[in-house]
Amino acid sequence: MEEVKSKNLLLKEIKTFKELEKEIIDNNKCCACGACVAYCTSQGFDVIKMDGNKPIYITDANIDNCKECGICYYICPNTTPLLDQINEEFQIKDELGHIITVIAAKTTDQEIKKLGQDGGIVTTVLTYLFEQDRIDAAIVSEYDENFKPEPKIIYDKKDLLKSAGTRYSISSNILPLKDFNKISQEIMNKKDILNIEDLSLAFVGTPCQCRAIRKMQYLRISPTYSIRFVIGLFCFENFDYEKLFEIIEKETKLVPANVLKAQIKKNFFVTSRENKVFEVDIKKLDEAVRDHCHECDEFTGRFSDFSVGASGAPEGHSIIIIRTNEGQNLINSLLSEGFIDKYNIPAKEISEWKTKKINWFRKMTSLKTKKGKLGEKNEK
Amino acid sequence: MKNSNILVIGAGISGISASLDLAEQGYRVILVEKDSTIGGRMAQLDKTFPTLDCSICILAPKMVEVGRHPNIKLFTYSEVSEVSGSMGNFTVKILKKARYVNEEKCTGCGDCATICPVRGLPNQFDEGLKYNHAAYISFPSAVPSVYLIDKEKCLYLNHGICALCAKICGAEAIDFTQKDEVLEYSVASIIVATGFDLIDPSILARYHYGEYKNVITGMKFERLLCASGPTVGELIRPSDRKHVKNIAFIACVGSRNVNICAYCSKFCCMYMVKEAVVAKEHAPEISPTIFFNDTRTIGKNQEEFIERAKDEYGVKYNRGIPGDIREDPLTQDLIVKYANLDTGEVEEKIFDMIILANAVIPRRDADELAKILGIEQNDFGFFKTENSLEDLKSTIPGIYITGSCQSPDDIPNSVAKASGAASLAAQHAVQIPEEERVIELPPLKYVSPFDEPRIGVFVCDCGVNIAGYMDNEEIVEYLKTLPNVVFAMNNKYSCSEQTQQIIKDKIIEEDLNRVIVAACTPRTHEPLFQNTLREVGLNPYLFNFVSIRELDSWVHMKDKPKATDKAKDLIRMGIARARNLKPEFKIKGDVIPEALVIGGGIAGMSAALEIAKSGFKVHLVEKMDKLGGQLNLIYKINFDRIDSMEFISKFIKEIKEQKNINTYLSSNIVDVKGSIGDFSIKIEDSEKSTSEIRVGAIIVATGASEYKPTDWYNYGKDPRVFTQLELSEKLRNNELTDGETLVFIHCVGSRQESGRSYCSLICCSESIRHALYVKENYPNSNIFVLYRDIRVGTEEEQYYWKAREDINYLRFSEYPELDFNDDKITVRVHDMLTQINLHIKADKVVLSTPLIPDEKNKQLAELLKVPLGKNGFFFEAHIKLRPFDFATDGIFLCGTAHGPKGIADSISQGRATASHALIPLFAGIVENEPIISNVNPALCIGCNRCAEVCSFGAIGVPMDNSKMISEVNPLLCKGCGDCAAECPADAIKMSHFSNEQVEPMIVEAVRGDFVDERPRIVAFLCNWCSYAGADTCGVSRFQYPTNVRPIRVMCSGRIPKSFILQAFLEGADGVFIGGCHIGDCHYIAGNHDTLRRVNEIKNIITKLGIDTERLRLEWISASEGKIFAEVMKEFINKVKEIGPLTPEVKA
């Protein structure tokens, strides 16, 4: 700090990764979004890395490389700085965030329907954006052969098919951005794009990840200035991969390599590669739930351009909560060009349908946080 | 009590010109610029019309001069916040906004920007097409070369985090504690040169600007065209980055519109055709169409440029502004519906991109500034002038206006007006007193050519910019082993105050007599180091600068060992030159404190008055028996209808009252000898008696006269047919009859395909003025005006509209025919708009004819040894930036002798030449850089080849047959070296770039102790273009292989065939020569001679068995960084293909 003071600065106390560890990571509040590691690594600072689901100093020797810029602390979705500002920017007044409208829809593409979780909406939207050349890349989560989610940047709609469907364990979707500066050169050369800022990306992530992205975009920092679309996913809770599959194996004898699809619809359903469906009591999975999830009251993802989820959707459809003008324009384009079909609300339900859904989301949100408080109570 | 300070507000080309003039004359200029860099709009342009000069190439040297001039106090990122007082004594408050970067310490290295995590902020300079970080600089060659931090977006200033820039800045230049500062100055006068803004075209909804991605503005297109712009000159459109093929320009977007801007923006017609031509030069498959109303030219050679654009470049002109643009939603192509006035049909065409020529508007802060200064604005919001003739004076005495803030104008006019304003502003001030100007310098140490060279080398790390890509310690160790190097060290920032002190200390301690700095580029920092040497008693020409950043570290970022080896080679080459450097001394000549003005018209009188008022004697020579020139023939001037006789008599009275002015009426110049500072002139009057005078400067103001079209329409035979000037006389004497039909015919004898191709610029407004006057005073007259285009200035547009109320304007494409068979004259014309053939029975026919150059011009041109242009008007040094100087120093040009222009422009130009003439007059001496040629009389054979290649008249066998030996005028020589390369007897030596200094560099370049990989390429690069292009390439970090060893020369014309041969004979595998594009040569025509020599030597080397592909000549301009890299890569690969030069040839 002496060195820094001599350079004409009147530095206040800047909170660095040390404080991030103390207050968030070691305090069970980290949601493993990957933002801190993505930012720091993309700047070439060589300080921290992701170890499983935990950001840590690469080694003790790397601690000295820390430039003490304090940005990792600021962009962490679970710290207080910038929350007021992004709440204002996105007009968030309550736990559901700003809602332009709510619809239910499903894809019209048969192939995507087969692979999709419910309505196949996210995959269809990304396919559209690639086909229209409105994005150069998308950040999604793929499954490896052991049903473990792997966050990835993809550049072609072909790669989308590997990322359809819901993930039921933690995927640090912001993490791939750590190599953004290297990877972007390739796309730029291929497409003759001259400025990195002209690249266009879509981001798909959980509410906490979207929150981190918005904090980074508020500061306009690398590498999020190229993200043009933020697609949020409904998220009730997320599971630790190891713990989850321990329980699944115990209950169904299924090993990860044999899992084709998983779904939570009142209970937990696993489909094997032989197409056999197994049901597991969802309460049994509570042990695998990540601690921090129940402190989070963002069920519907307040910081997206639009959020997608199954909760409250009619069979075969997904709910889309549209939040920003960009989101609205995009969904309208898909609707008018016939890529997705809107659910026709039965005539007698029309006037109340939206309110009913909104109340449902409120209920789910409060359930989520209650579960956390219950959990706390149980621990005590 | 008079003051030496003059305030100039605004540092675009106009502000820069005014500041340099005043600073050179010895006044102190306080130059305030709102932006973080100077340069204004001109810096954003790719090329300028009609010369197609690279804009930043011609502007950058002026910017550097302003940044360095000891008499200019430059405040950037600052504004004038308060003004009080009155002429002679204003008190001004300047608000200097905080950059958060210490200007003294910042070296412009850019490390702060590289590490700043905030990105994606649209860069204003690049019209939002490129982005910068929160720590940024507007563009790489900004002056001052100092970064700044965006207060709104900086993370530290807003959130207290980050500060990475401060942590990484090696020079400790980041200072977040900086605050806005208010400084107060007392100034004698003020010049306002704040420029203009452009209207947001979304105001015209039908063009969908902002909605349709591929509809852009002219300025945005300019950035796309620019080789150093956001798309490196690739013409790709915003929506899909596709290369464009069909592009359309739409004129008058917002201008000439009674609801938006009821005036003409003046320069858009020219920039549209320029952009169309440049686009075609980029990509021949591009097809540009210009949708227009009238085409308006506003200066010299512009009419010809438009015709060339149509004929040679195939630019299509469609008369008729489109009413509708639609976008194809799938392709985002644009569908334009327009009226084709030639066929009379409505047509539709598809374009990839549309460029709107949006209206020029006063700056958004113009109202505020007007209030602060207390000056008035006119109805359009531009700053108001006294009247249409005194267009340099604002409504407050002591405050002058120039450039587009007064009225939209192009570069040559803005430059002329700036100098005119400077001459007026200077009247209120006194020069900086001698004591304050002279800096105490220690006496020069005597260095003899027989002394052992003692060389000190200072290698710059430049933070990480050099040290990060090569091993500087290894380099320093290597240098210490070289002969004559007695001291070597590396330092963090060689340009810092600290290092200057270290250099000075080492010169004394180690008794150095040569100094080398290996760092960035000599084009900016060489003078700094030369001053440092001088301050410690060492001759500044014993200094050599080696570039290892732009030419090495920045272009070889991925190959540390090779970059290090190349640096060793480059510095060793620099040492080889340094051993042979000699002390050189500036050439000085005395200036006789008198001036000659040839021509007593309004331009000449204006010039004479300003020079006389400054205290110098003026000899005003006029061929007629009275002063006033053409103004004697005009009745009322301009739309204000100022009485011409009254106006001239005011001037003449002032002239008579000036005791300093000697007027010679009915006289001519019959002999001229000498050069700047000392001309001997012989004047002969009507009685053949002669006077001989000696002057320091000459101003040519010989004017022009109205063409009498005896070959058109029975003019001269039928008294009913007469010219506009003759009409003016009739109006003065009230000779017309009411109730008659008058037909005016425009462009009689101008804008011709063969013969007079130029537009005379002023006739349209003259015609409108006369038409209005006739209609007012003879209200029953029926007037028809037959025209091709109506060309009026900004404020004059409204009078054109007024005229059209009662007067019939008919546009023709074929000249009307006249029949004289009846008692009336039948005028037959095809009206383009209605497509009808009309027969008009006219009582009088008035012809608008062009101004033609004075018939004595040719004689005078020969006497003065200055050139005439194609149309017989005098030819200036540079159409854009030196419109009123001749290439020959000390002779200046103003008024219609230069080309047709109006009275206001003639007056400002006259004052501008005075301003320039006053520079040597005030200084009392003229100085020249000692980079000049020297003739060895023992070797000279008197062939005069040197004179034939010199564009400046600086060398040659004297015409008086006194001796057959060539002589150099050291005051006129510009140092290009063309003569030295041309001399068949090898009798000419160039000081500071002599053969003894360059040849050892060639030897070292090829020696290749370290170049373990062939080919070895020697590249000769000219200072002004190709070397600058290599610099730009470095700044933009375009990479190329390490095989090239560059040698800088002032002009590619310097390179004799012997250098090329020597390079091959030493073992170079390839020789590259870089020069300016033809037409752009800094020394006017040096590159023509380079081309010839290279062609000649190709024959010779073929005979030696050397493949001619090993020799490459390329024209690369200063902005063509990417092209430089591409050419290097290509050439290196080519030579690699051919293989190494075989040993047999070397023997």
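Over which residues of chain A does pLDDT stay under 50, with 10 contacts beyond four places in sequence in the model? They are residues 1–8 of chain A, as the second legend sets out.

This is a predicted model, in which local features need pLDDT of at least 70, side-chain atom pairs count only at pLDDT 80 or more, and totals for chains, interfaces and linings use all residues. Residues are numbered from 1 along each chain as its sequence is written, while chains are lettered from A and ligands numbered from 1 in the order in which they are written.

**Figure 1. Chain A as a whole.** Chain A contains 12 helices and 13 strands (DSSP runs numbered from the N terminus, helices being H or I of at least four residues and strands E of at least two). Its radius of gyration is 21 Å, close to the 21 Å that the globule rule gives for 380 residues, so chain A is as compact as a globular protein of that length (the radius is taken over C-alpha atoms, and the rule is 2.2 Å times the number of residues to the power 0.38). The C-alpha trace of chain A spans about 70 × 55 × 40 Å along its principal axes. Of the 380 residues in chain A, 42% are buried (20 or more other C-beta atoms within 10 Å of the residue's own, against 12 or fewer for exposed and values in between for partly exposed, with C-beta atoms placed from the backbone).

**Figure 2. Two low-confidence segments of chain A.** The mean pLDDT of chain A is 87, and 94% of its residues reach 70 or more (pLDDT is the predictor's confidence in each residue, from 0 to 100). Over residues 1–8 of chain A, pLDDT stays under 50, and the model has 10 contacts beyond four places in sequence for them (a contact requires C-beta atoms, placed from the backbone, within 7 Å). Over residues 375–380 of chain A, pLDDT also stays under 50, with 1 such contact. Where pLDDT is low, the predicted coordinates should not be read in detail.

**Figure 3. Cis peptide bonds in chain B.** B:Phe49 and B:Pro50 are joined by a cis peptide bond with omega of about -10 degrees. B:Pro50 lies in the loop between β3 (47–48) and β4 (53–54) of chain B. Another cis peptide bond, with omega of about -5 degrees, links B:Val143 to B:Pro144. The loop between β10 (135–136) and β11 (148–149) of chain B holds B:Pro144.

**Figure 4. Positive phi in a loop of chain B.** B:Arg751, which is not a glycine, has a positive phi of about 55 degrees. This residue is placed in the loop between β41 (741–745) and α20 (763–777) of chain B. B:Arg751 counts as buried because it has 21 C-beta neighbours inside 10 Å. B:Leu761 is found in the loop between β41 and α20 of chain B, and its phi is positive, near 60 degrees. B:Leu761 is buried, with 25 other C-beta atoms within 10 Å.
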